[in-house]
Amino acid sequence: MLRRAFTRRRSLLLLSCVLLLFSCDSLLTAAEPRRDPAQWIKSFSTQWDDTAWNGFGSGRTKAYIRPMDDEGWKARMHALAGLVSAGQKSVEPLIDLLSHGKPAERVLAAQALGYLAAEVPSGPLLAAAQDDAEAAVRLYAVDALGMQGNASLHGSLEKLLETESSGDVKKHIGYALARGEHGVDRQVLEQFVRWNPKTLDSARLGKQAPDFALPSLDGETIRLSDFRGKQAVVLVFIYGDT
Amino acid sequence: MRERLSAIEQAGARLLAIDPHESWSAKFLLDEVGLSTADVSYPLLADAADVVSAAYGIAFQMRIHTEWSNRPATFIIDRDGTLRYARRGRSFADRPSPQVVLRELEKLR
């Protein structure tokens, strides 16, 4: 009888320990849930539709925009945050994806590898910047090379300028050369690690506008909450060359 | 932008611009047209990880200049921090006019 009571108490103790561990884990994980890089790649691949774009403009400013109700962009954000915050673990699968993936996957790989900069060998990025058939892959690969802040790559980047056909990619080679030895800022990486997926698409009329802290051109950090109680704010989102 | 800026300042509000890139491209483009960062008279914020663009529901929704960039959008937040106006564009030129922004700011008074 005594032995049975002891065993029951131990099982209860074990059970409550397990439950405590589970609840602790969910409290701590405000960031993107930890998944295998391969799972992030798969989830992106199944949800990102490269065909759902509406074209507008013409000639030099031909552009494409998602239908208003499209949700594919969210998969991109989740995948990027998940892959980048997994750090070193993501590098090999992404390098593999960069050469063997479908076009949309190669673009994602190049984009993610840029943020992982310091952990990434330049060779595969240079190869993609030179040889990939998709201009978007070459563009993000060039960005990634710039984000490494490695001056010894400049010769190779300058050579790319001579052979690159896309004006957009050439522009990005210019950015990569101009930034010199300034690799991607740690702060940017931290934003991915600390990102709370619940904030995705969370802005709602009549509710508190999502707060943020971002660097201005002169390096000063500006927060939306800096203006609370003082001034109304007009927030204009631009796409890069307005 | 300049028209918008004076309308906004007249109404006692603040203009913030958010760019889904590190500041290198903005600096490069300014340099290209012979301007410096001092010529930009409103805060131009670098949302390099797209976390703010994602929060406001516009990240990666426009494919322009070969890259996946923000859908152009304008939001107005009142002094209490409440979101009072939101306009997400259907094309790169689809933005509220300075007159519309001024009208919306007047509504907040």
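Two strands count as paired here if DSSP finds at least two bridges between them. Helices (H or I, at least four residues) and strands (E, at least two) are DSSP runs, numbered from the N terminus. The model is a predicted one, in which local features need pLDDT of at least 70 and side-chain atom pairs count only at pLDDT 80 or more, while totals for chains, interfaces and linings use all residues. Residues are numbered from 1 along each chain as its sequence is written, and chains are lettered from A and ligands numbered from 1 in the order in which they are written.

A good place to start is strand 5 of chain A. Strand 5 (233–237) of chain A is joined by five bridges to strand 5 (residues 73–77) of chain B, and these two run antiparallel. Along this pairing, Val234(A) sits opposite Ile76(B), and Val236(A) has Thr74(B) as its bridge partner. Strand 5 of chain A also pairs with strand 1 of chain B, this time in the parallel sense, again over five bridges. There, Val233(A) faces Arg14(B) and Val236(A) faces Ala17(B).

Put together, these strands belong to an open sheet of five strands, ordered 2(B)-1(B)-5(A)-5(B)-6(B), with mixed pairing. Its edges are strand 2 and strand 6 (83–88) of chain B, each of which pairs on one side only. Neighbouring strands of this sheet are turned against each other by 20° on average, direction ignored; for such angles, axes are lines fitted to C-alpha atoms (for helices over the stretch in contact), and angles run from 0 to 180 degrees between N-to-C directions. Towards one edge, strand 5 of chain B is joined to strand 6 of chain B by five bridges, running antiparallel, with Thr74(B) opposite Arg87(B). Towards the other, strand 1 of chain B and strand 2 (residues 44–46) of chain B pair in the parallel sense over three bridges, and Ala17(B) has Leu44(B) as its bridge partner. Between those two strands the chain crosses through helix 2 (residues 23–32) of chain B, a β-α-β crossover that is right-handed (with the strands pointing away from the viewer, the path from the first strand over the helix to the second runs clockwise).

How well covered are these strands? A residue is called buried if 20 or more other C-beta atoms, placed from the backbone, lie within 10 Å of its own (exposed if 12 or fewer, partly exposed in between). Strand 5 of chain A is mostly covered, with five of its five residues buried. Val233(A), Leu235(A) and Phe237(A) point one way, Val234(A) and Val236(A) the other. Strand 1 (residues 14–19) of chain B is largely enclosed by the rest of the structure, because six of its six residues are buried. Here Arg14(B), Leu16(B) and Ile18(B) point one way, while Leu15(B), Ala17(B) and Asp19(B) point the other. In a regular strand, side chains alternate between the two faces of the sheet.

A second sheet also draws on both chains. Four strands form this open sheet, in the order 1(A)-2(A)-3(B)-4(B), and the pairing is antiparallel. The edge strands are strand 1 (54–56) of chain A and strand 4 (67–69) of chain B, each pairing on one side only. The twist from one strand to the next averages 30°. Two bridges join strand 2 (residues 63–65) of chain A to strand 3 (residues 62–64) of chain B, and Ile65(A) has Met62(B) as its bridge partner.

As for the contact between the chains, 61 residues come from chain A and 68 residues from chain B, two residues being in contact if their C-beta atoms, placed from the backbone, lie within 7 Å. Among the elements of chain A that give two or more residues to this contact are strand 2, helix 3 (72–85), helix 7 (135–147) and strand 5. The residues on the chain A side divide into 37 nonpolar, 13 polar and eleven charged (Ala, Val, Leu, Ile, Met, Phe, Trp, Tyr, Cys and Pro count as nonpolar, Asp, Glu, Lys and Arg as charged, and the others, Gly among them, as polar).
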